[in-house]
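The following exercises are to be worked through with the sequence and the model side by side. Each task is followed by a solution that proceeds step by step.

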Amino acid sequence: MNDGKVSWGGNFPAVVTPFTADGEIDEKKFVANIELLLSEGAHGVVVSGSNGESWALKGPERLALFRLARKVAGKEATVIGGTGSIPTGDVAELTQAARDTGIDGAMVMPPYYCGASRREVVAHFRAISDAASFPILVYNSPKSTGVDIVADFAAELAEIDWVVAIKQSTLDFTVLEQTVAACGDRISVFTGHSAKRGLASVLAGAVGFVSSLDSHVLGREGISLFERSVAGDYDAARAVQMRTLALDRGMAGLGSGPSVMKAAMNMLGRPGGFPRRPLLEASAAEKEGIRRVLDGLGLFSQAHHAA
Amino acid sequence: MNDGKVDWHGNIVAVATPFTRDGAIDEVKYTANIELVLSEGAHGIAVCGCTGEAWSVTPEERLHLFRLARGAAGKDVPIIGGTSGIDIGKVSELSKAAVEAGCDGALVMPPYYAVIGERELLAFFRDLSDNAQVPVFLYNMPKRTGINMPPELIARISAMEWIVALKQSSHDFAELETTIDACGDLINVFAGHSAERGYAAVVMGCMGFVSSMEAQIMGREAISLYDLAKAGKVEEGRRVQARTIALDKGMRKIGTFPSNMKAAMNLLGRPGGYCRRPLLDLDESETAQVRKVLDGLGLLQAEAAQ
């Protein structure tokens with residue numbers, strides 16, 4: 001329940017974790033990317049989410065990234081760190097440790113793979129809340145976890161003391177609307193898939209985005225979607241949304257999410273780096289497809305002008 | 001490619017990992033369960049699969065469970081150890097260590113949660129085959145991993161040196177048949193969901209199945225399903241299969257697997273034990289529902305008569 005614990009809102013890109021070609025964390029690029037996004041208008045960042053290939057990061061690596069992000073972001077921007085995995089005890093411990101890195105909160109998805117029921121997912125979040133006493137952003141991503149936190153389920157989680165926000169990434173827009181209606185008064189509802197529906201989400205009452213491709217590839221333009229939407233600048237917001245949509249649709253099917261995003265960032269001179277196994281760097285054919293999408297959006301001439 | 005590397009067949013039971021109420025591994029129950037299902041006719045066992053709550057067992061614990069299983073099973077029974085994970089380096093290392101700890105091979109599914117593409121899956125299993133160099137029992141489990149490997153992809157993976165068998169847990173029976181057709185000559189194809197289709201799977205050419213709930217709850221009766229299919233005992237096989245289907249349908253609605261299976265085992269005096277978080281043990285009303293399912297199958301009377 002967010003009874004004044006946090007005042008999160010705005011566009012929070014879920015940042016990539018740039019790796020070197022041999023799989024080491026590329027701290028320089030990680031830091032440069034956060035600095036860039038914040039300079040382009042991001043209100044906060046989410047570290048070690050699915051975009052950040054959290055599945056390939058060990059606990060201590062995540063904590064080191066949280067510390068780095070806090071340092072780069074300063075006190076103004078919100079920093080949320082992904083601490084989710086399967087064993088409840090492990091997640092509680094990592095969330096406690098995250099608190100000590102000075103970031104503002106932890107993003108936790110329901111346990112995946114084990115097919116946990118609603119009762120078990122609620123007990124999972126309650127145990128983490130009790131152990132860590134640290135603001136938790138619940139992350140609903142049915143595609144990667146197999147668990148779908150629908151509106152009344154979200155409302156049940158919103159009763160837990162340290163659950164203060166949710167990132168609603170179900171693709172069903174109605175469920176997003178119902179989530180705002182069911183618990184928007186108790187927790188901050190963020191939307192995922194802002195590239196597809198950021199503007200409409202703000203109209204539906206979402207207080208922010210956890211954004212992805214739209215911010216990392218389109219930079220300032222993509223990031224501006226939230227503020228334009230909130231400001232009621234609908235014509236401009238709609239124009240941006242159409243371009244983020246074209247980007248999102250163009251990239252779909254070209255490879256695994258973070259690999260595609262990183263390849264696109266690298267082509268534009270942004271700090272993307274390489275993915276870590278089990279993901280592979282985009283293939284030559286995939287890169288060709290990515291290049292075509294970026295070119296179709298006129299991003300190469302923009303990058304050229306900027307340089 | 002199974003060019004004589006292994007002779008796995010029959011009813012391989014994916015065993016539970018019984019925990020105590022406070023989450024420690026209950027070794028006494030664990031070995032008792034393995035001894036029991038083997039005495040009831042199982043041809044092999046799989047340790048630390050989904051039934052064994054692999055997601056909450058650390059690599060060190062898994063190796064310990066593999067050693068205990070070898071001790072309980074004796075030297076001739078095939079033991080497959082679950083070594084799945086997301087980090088391919090660790091999966092390869094653990095697979096190698098599993099065989100050193102007494103397993104005959106490693107059960108590995110695609111990485112879960114990171115939903116990867118075909119090129120990445122091929123690289124994952126290529127690395128595993130090249131680096132672990134131990135027999136790999138591939139596991140297609142779309143429901144849990146979010147990845148359904150189509151039969152053509154499985155056939156390409158089957159051509160890799162150390163891939164010797166497959167558990168096909170796609171629910172689509174035609175896909176199981178297509179898989180046998182695509183790579184049954186390269187590797188030993190086993191069926192998942194044997195409670196629903198074990199008999200038919202063997203008739204269609206599976207080398208066996210990896211069973212779970214029905215074997216550990218019904219014991220000898222359900223475990224016999226493979227032998228009945230091999231012996232062509234159609235009527236008896238159909239009768240047993242109908243009962244395993246009734247069990248499966250009844251249990252599916254209660255709690256989370258395998259907490260429901262463990263509750264049923266406990267009610268029958270079999271060594272089930274408890275679950276480890278994030279799973280929770282069944283509450284009273286769920287346990288009562290399990291009792292009803294078992295009673296409907298006459299299993300409680302059989303237990304009382306012993």
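A crossover is called right-handed if, with the strands pointing away from the viewer, the path from the first strand over the helix to the second runs clockwise. Helices (H or I, at least four residues) and strands (E, at least two) are DSSP runs, numbered from the N terminus. The model is predicted, so that local features need pLDDT of at least 70 and side-chain atom pairs count only at pLDDT 80 or more, whereas totals for chains, interfaces and linings use all residues. Residues are numbered from 1 along each chain as its sequence is written, and chains are lettered from A and ligands numbered from 1 in the order in which they are written.

**Exercise 1. Determine the surroundings of strand β7 of chain A, its pairing partners and the handedness of the crossovers that lead to and from it.**

Step 1. Begin with burial, where a residue is buried if 20 or more other C-beta atoms lie within 10 Å of its own, exposed if 12 or fewer, and partly exposed in between, with C-beta atoms placed from the backbone. In β7(A), which spans residues 188–191, Ser188(A) and Phe190(A) on one side and Val189(A) and Thr191(A) on the other are all buried, and both faces of the strand are thus covered.

Step 2. Turn to pairing, which requires that DSSP finds at least two bridges between two strands. Strand β6 (residues 163–168) of chain A pairs with β7(A) in the parallel sense over four bridges, and Gln168(A) stands opposite Thr191(A). Between these two strands the chain passes through helix α7 (residues 173–183) of chain A, in a β-α-β crossover that is right-handed.

Step 3. Continue to strand β8 (residues 208–211) of chain A, which runs parallel to β7(A) and is joined to it by two bridges. Thr191(A) stands opposite Phe209(A) in this strand. Together with helix α8 (residues 194–204) of chain A, β7(A) and β8(A) form a right-handed β-α-β unit.

**Exercise 2. Describe how helix α8 of chain A is packed, and how strand β8 of chain A continues the arrangement.**

Step 1. The buried residues of α8(A) are Ser194(A), Ala195(A), Arg197(A), Gly198(A), Leu199(A), Ser201(A) and Val202(A). They pack against α7, β7, β8, α9 (213–218), α10 (220–230) and α11 (234–251) of chain A, where contact means that C-beta atoms, placed from the backbone, lie within 7 Å. Just after the helix, Gly205(A) takes a positive phi of about 110°.

Step 2. Both faces of β8(A) are covered as well, since Gly208(A) and Val210(A) on one side and Phe209(A) and Ser211(A) on the other are all buried. β8(A) pairs with β1(A) in the parallel sense over four bridges, and Phe209(A) is the bridge partner of Asn11(A).

**Exercise 3. Which order do the strands take in the sheet of chain A, and which order in that of chain B?**

Step 1. In chain A, eight strands form an open sheet with parallel pairing, in the order β1-β8-β7-β6-β5-β4-β3-β2. Its edge strands are β1 (10–13) and β2 (44–47) of chain A, each of which pairs on one side only.

Step 2. In chain B, eight strands close into a barrel, with parallel pairing and the order β1-β2-β3-β4-β5-β6-β7-β8. Within it, strand β3 (residues 79–82) and strand β4 (residues 105–108) of chain B pair in the parallel sense over three bridges, and Gly82(B) stands opposite Leu107(B).

**Exercise 4. Characterise two helix pairs, one in each chain, by angle, axis distance and handedness.**

Step 1. Axes are lines fitted to C-alpha atoms, for helices over the stretch in contact, and angles run from 0 to 180 degrees between N-to-C directions. A crossing is left-handed if the near helix is turned anticlockwise from the far one by less than a right angle, and right-handed if clockwise.

Step 2. In chain A, helix α3 (residues 88–99) and helix α4 (118–132) pack at an angle of about 35°, with their axes 9 Å apart, and their crossing is right-handed. The residues that meet include Val91(A) and Ala92(A) of α3(A) and Ala127(A) and Ile128(A) of α4(A).

Step 3. In chain B, the axes of helix α12 (residues 234–252) and helix α14 (residues 284–296) come within 10 Å and cross at roughly 165°. The two helices are therefore roughly antiparallel, given that angles under 35 degrees count as roughly parallel, over 145 as roughly antiparallel, 65 to 115 as roughly perpendicular and the rest as oblique. Their crossing is right-handed, and Leu247(B), Gly250(B) and Met251(B) in α12(B) meet Val290(B), Val293(B) and Gly296(B) in α14(B).

Definitions and conventions:
Contact = placed C-beta atoms within 7 Å.
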